[in-house]
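Student: Before we discuss any labels, could you show me the model, so that I can ask how each one is justified?

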Amino acid sequence: MKGGLALLRRVTRNRLAALGLALLTLIVLAALAAPVLPLADPDAIDPARRLLPPFSAGAWLGTDTLGRDVLARLVWGTRLSLGVGVAASLLAALVGSAIGLVAGYAGGRTDGVLMRGIDVLMAFPYLLLALAIVAALGPGLLNALYAVVVANIPFFARNVRGATVGLRHREFVDAARLSGMGEARILLGEVLPNVLPVIVITASTTVGWMILETAGLSFLGLGSQPPQADLGSMLSEGRKALITAPHVAAVPGLVVFLIVMSMNLIGDGLRDALDPRLRSGIPGAPGAATRVARAAEDDTGNAAPDSGALLQVTGLRTAFDTVDGPVDAVKGVSLRVAPGECLGIIGESGSGKSVTALSIARLVASPPGVVRGGAVRFGGDDLLALPVGALQRLRGGRIAYVFQDPLTTLHPLMPVGAQVAEALRAHRPVPRAEAERRVVELFAAVKLPDPASLAHAHPHELSGGQRQRVGIAMALANDPELIIADEPTTALDVTVQAEILDLLDDLRRRRRLALVFISHDFGVIARLCDRVAVMFQGEIVEEGDTRSVLTRPRHDYTRRLLAAVPVLGRSRRPEQPPPRSSSGAGWAVEVRSLVKTYAARRSLFGRSLFGRSRPAVTALKSVSLRVAFGETLGIVGESGSGKSTLARSLVGLSRPTGGTVLLDGRPLAELAVGGPRALGRTVQYVFQDPLSSLNPRKTVRRTLSAPLRFLAGVPSGEREDRLAELVRSVDLDPAILDRYPHELSGGQAQRVAIARALAAGAKIIVLDEAVSALDVSVRAQVLRLLAALKERHGLTYLFISHDLAVVEAVADRVMVMAAGDIVEEGPSDRLFAAPEHPYTRRLLAAVPSLPS
């Protein structure tokens, strides 16, 4: 009951949804009350009173061509049409959604068979299909209902199948498998809640359409039969007197319109209310530029401009509107950047770095963002005072922005060359051929291999480093004077990161570009930036030339961040013999000649509508390794080296082409046959992105309850105490159990993911880039936690990372992978002090370091 009231409150926060709900409630109440209302007999014919106008005595809405009371027929007809429409929508939603869920989740042959059947239904125009069914079954309202249901099943099946396909490979689905959940339970408990908004919005839309469709069948005489009234039959009868008595058709038509509109409005509100990320309110559509609401007494915009600065920010204050009032994210930030200069902005997540950068270009979404004070001068103009049109001419032209994740900022369905050409032609009237030539030149300038060919590739066909270079090429398309780069190298390997940093440094020196570079990596800042500003809780707490700030920090916060930075060589430990099992079981993990090959993809003439041909790709080339009980094996290498493929193969998420994996002395194939419980009790996996591995529609309590229930077999009566004990073991307060993933910080989300891996008592934990996206201080906390848990529970870790300093700090042994093979392996202290393979030496040389 309480949950239903909370859902209703969230729906009614949306004013349009509240209006739709009020309208539909009035219509439904009137229809339900039909038997007790003082209405005339809807079927009583009185030729003497035919076609009376509205507001006539004894006939508020007039009469029809047979003298029947329009109001009585309208109320009873609405009752019938609503019942048929809702029933038909629910039946079509149930059958169509079930087909779409099973087809999308199962894939393969099941998907092919089910969706080909749906395609057969869709091959017929739905009205003709409904007419054919009614013609076969005979006229009548019930047969019309069956016809409408069958005609609309493909609509649900297609929509739901599309949403399900996008979810079945998500990390939280893989995590559910490792938590011991079976496929049916995953489908209903993990996938369905995330598909439910699609079903709700589709159903709310089709209720109105089904009323119209049954009305259309009744209009043709195939639905309700005389003298039975529904909205369709009333429209059919009203058309005969449309000129002389338009009210006979207009009144039922208006009711159909109100029902359809109210259903659509309620569907939109219900879709948003079901999303836990929108529980605090329904946001409005963001505008083209951040809203500026500076106080009248704010005179920062009148401050004298700095003649030597290309960009001058003075007293910038940005806030976000919430139900509890505005919350400040940037609090009086001031900074300047000269032509050819690189200013670094560093700080932890939540410090205000990205909001500051977005505020400069007025890209903070409004609502809820609003600039409440300050000035942003660029070349003499205050960007906060510019009209939207002038601002849009500057953005992408004289001011360019490089975003953190190019995969999400590049259009997935457009070739990357076309996207860069679009950015170019948005600011310059150049012919298409010249734009394409310019794109190839830009791709060559950012050192992309085979620029002419890559211009036709889609984002998913490029590596992370290549996508980031495309983003930089797009930023350079119109020869900007200022580039704002927001964490552009965070997720890149050290060698690719070094190439991107060298490229940016070369470009800004050759072109005299001003560069604002945002990062939480002190080594990157030290390598690239002339000056650095340190942000904490929305304010700049320290600023100065890079070397001075990093070697002689004045603020406690800066010193604390620097102390948490893992530095290559600082954490080197004397070599210790790896611990061995005392159980006689041999090795915790043993891999023998593991091979993984992805099959070739062929298309006509080398290209197709959906992508290019791809040769067979061997991700793992006869990899063999051993990990002792209680040991931490670090695995390093660039993207594409096979690290993650190896990790997923060890936990059964990827099926190897050949070779053997033994966990705790038992073959992985044998554990897999025993089902997810046998495997999940032996090995667990901590994913790279903790938020992606947590179901966004489940609380922490429900997430952690799954492995306790399905793997550890904890009875429901004892589960609450175990949950509290589990979150305390990863240094979290039990109050966090009722939060959703979006309400957690990055460090909290990663601790929850670690707690889930520990819940079943598995002794082997695979950590795939588990700290790469965390701030330096949070990363240090998580690493200390992992070390404490390993000591307390006797865990064995396979620690995968591209951060060599972190691996050096935590690993007993290190294995270096390149192109699907192991190129070097040895104790951590020896390998980092005296690497033997040229590839390892190249990796170590690319690591950015702090100044001495």
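**Cavities, burial and salt bridges**

Tutor: A search of the whole structure finds six cavities of 30 Å³ or more. A cavity here is a set of points, on a 1 Å grid over the protein atoms alone, where a 1.4 Å probe fits but cannot get out, and lining residues have an atom within 4 Å of a point. This is a predicted model, in which local features need pLDDT of at least 70 and side-chain atom pairs count only at pLDDT 80 or more, while totals for chains, interfaces and linings use all residues. Residues are numbered from 1 along each chain as its sequence is written, and side-chain values use heavy atoms, with hydrogens and water left out.

Student: Which residues line the second largest cavity?

Tutor: Its lining consists of Asp64, Val70, Arg73, Met234, Glu237 and Val248, and the space inside is about 50 Å³. By class, three of the lining residues are nonpolar, none polar and three charged.

Student: Why is arginine 73 counted as buried?

Tutor: Buried means under 20% relative accessible area, exposed over 50%, and partly exposed in between (1.4 Å probe, protein chains only). Arginine 73 has 1% relative accessibility, so the residue counts as buried.

Student: How do you know that arginine 73 forms a salt bridge with aspartate 43?

Tutor: A salt bridge requires a side-chain nitrogen of Lys or Arg within 4 Å of a carboxyl oxygen of Asp or Glu; the closest N and O atoms of this pair are 3.5 Å apart, and the criterion is met. Arginine 73 lies in helix α3 and aspartate 43 in the loop between α2 and α3, so the pair ties together parts that are 30 residues apart in sequence. Helices are DSSP runs (H or I, at least four residues), as strands are (E, at least two), numbered from the N terminus. Aspartate 43, with a relative accessible area of 33%, is partly exposed.

Student: What makes aspartate 505 buried and arginine 509 exposed?

Tutor: Aspartate 505 has a relative accessible area of 18%, which puts that residue in the buried class, whereas arginine 509, at 52%, is exposed. The two form a salt bridge, with their closest N and O atoms 3.2 Å apart. They are four residues apart in helix α18, and therefore separated by about one helical turn.

Student: Why is helix α14 described as largely enclosed?

Tutor: Seven of its ten residues are buried, so helix α14 is largely enclosed by the rest of the structure. Among the buried ones are Val416, Gln419 and Leu424.

Note on methods. 1 Å grid on protein atoms, 1.4 Å probe; cavity = no way out; pocket = protein on both sides within 12 Å on 5 of 7 lines; lining within 4 Å. Points joined across faces, edges and corners; volume = space filled by probe spheres on them. Nonpolar A, V, L, I, M, F, W, Y, C, P; charged D, E, K, R; others polar.
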